[in-house]
Amino acid sequence: MIRRLIEAAQSSLQDAKLKTISNESRFDLAYKAIMQMSKAALQAKGYRVLTSKPGHHQLMLQALPLTIGLDKTRLILLDQLRKQRNAIDYSGDLVSDALTSEAITQAESLLTLIKDRFRG
């Protein structure tokens, strides 16, 4: 399951880099990759999050310092992306190039951390 989630995150991230789709879709895909990796990190430590309950995205992100040793500065950036994603989903706002790039950069960085942590 963990390997499948990481592979799914890699696929989502690869698709997020496609410049032929909208920034909104690219941002969603990068955010999806972040969530897939967060879930993989939790499962690797033997935990699960009820996705049927509100706040599960926030909980998965908040667990990253415990599951992979993510520093607080990076956690704050990921949480800002979560808040931005919620605002975009409910407002229909357009996603800027800068925000799309930031989401992709954060997803790439998290993927590197996850792969290093769970190698072997």
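**Buried faces and salt bridges in a predicted model**

Reader: How much relative accessible area does Arg 85 have?

Author: Arg 85 is partly exposed. Buried means under 20% relative accessible area, exposed means over 50%, and partly exposed lies in between (1.4 Å probe, protein chains only). The relative accessible area of Arg 85 is 21%.

Reader: What kind of model is this?

Author: Residues are numbered from 1 along each chain as its sequence is written, and side-chain values use heavy atoms, with hydrogens and water left out. Local features need pLDDT of at least 70, side-chain atom pairs count only at pLDDT 80 or more, totals for chains, interfaces and linings use all residues, and the model is predicted.

Reader: Which residue meets Arg 85 in a salt bridge?

Author: A salt bridge is a side-chain nitrogen of Lys or Arg within 4 Å of a carboxyl oxygen of Asp or Glu. The partner of Arg 85 is four residues away, about one turn along helix α5; a helix is a DSSP run of H or I with at least four residues, numbered from the N terminus. This partner is partly exposed, with a relative accessible area of 40%. At 3.5 Å, N to O, it is Asp 89.

Reader: How far apart are the closest N and O atoms of Asp 79 and Arg 82?

Author: Asp 79 and Arg 82 both belong to helix α5, three residues apart. An α-helix has 3.6 residues a turn, so residues three or four places apart point the same way. Both Asp 79 and Arg 82 are buried. Their salt bridge brings the closest N and O atoms to 2.7 Å.

Reader: Which side chain meets Lys 17 in a salt bridge?

Author: Four salt bridges are counted under the distance rule. In this one the partners are 91 residues apart, with Lys 17 in the loop between α1 and α2 and the other residue in helix α6. Lys 17 is partly exposed at 40%. Its partner, 2.8 Å away from N to O, is Glu 108.

Reader: How far from Arg 26 is the nearest side chain of opposite charge?

Author: Arg 26 sits in helix α2, residues 23-44. Lys and Arg count as positive and Asp and Glu as negative, while His and the chain ends are not counted. Arg 26 is buried yet has no salt bridge, and the nearest side chain of opposite charge belongs to Asp 97, at 5.5 Å.

Reader: Which residue has its backbone oxygen 3.2 Å from a polar atom of the Arg 26 side chain?

Author: Contact means heavy atoms within 4.5 Å. Not counting residues up to four places away in sequence, Arg 26 touches several residues, including Ala 16, Lys 17, Thr 100 and Ile 104. The backbone oxygen that lies 3.2 Å from a polar atom of its side chain belongs to Leu 18.

Reader: How wide an arc do the buried residues of α1 cover?

Author: Helix α1 spans residues 2-16 and reaches 21 Å from its first C-alpha to its last, close to the expected 21 Å; the expected span is 1.5 Å times one less than the number of residues. Its buried residues are Leu 5, Ile 6, Ala 9, Ser 12, Leu 13 and Ala 16. These are on the same side of α1, because the arc they cover around the axis, taken from the directions from the axis to the C-beta atoms, is only 120°.

Reader: Which exposed residues are on the face of α1 turned away from its buried side?

Author: The buried residues of α1 are covered by elements that include α2 and α6. The face turned away from them carries the exposed residues Arg 3, Arg 4 and Gln 14.

Reader: Within what arc do the buried residues of α6 fall?

Author: Helix α6 has 21 residues and reaches 30 Å from its first C-alpha to its last. Among its buried residues are Leu 99, Ala 103, Ala 107 and Ile 114. They line one face of the helix, because seen down the axis they fall within an arc of 165°.

Reader: Which residues are exposed on the other side of α6?

Author: What covers the buried residues of α6 includes α1, α2, α4 and α5. On the other side of α6, the exposed residues are Asp 97 and Ala 98.

Reader: How far apart are the C-alpha atoms of Gly 69 and Arg 117?

Author: Gly 69 is in the loop between α4 and α5 and counts as exposed at 52% relative accessibility. Leaving aside neighbours within four places in sequence, Gly 69 is in contact with Leu 64 and Arg 117. Although Gly 69 and Arg 117 are 48 residues apart along the chain, the separation of their C-alpha atoms is 9.1 Å.

Technical notes
Helix = DSSP H or I, 4+ residues; strand = E, 2+ residues; numbered from the N terminus. Polar contact = N/O pair within 3.5 Å; in protein donor to acceptor, adjacent residues only side chain to side chain.
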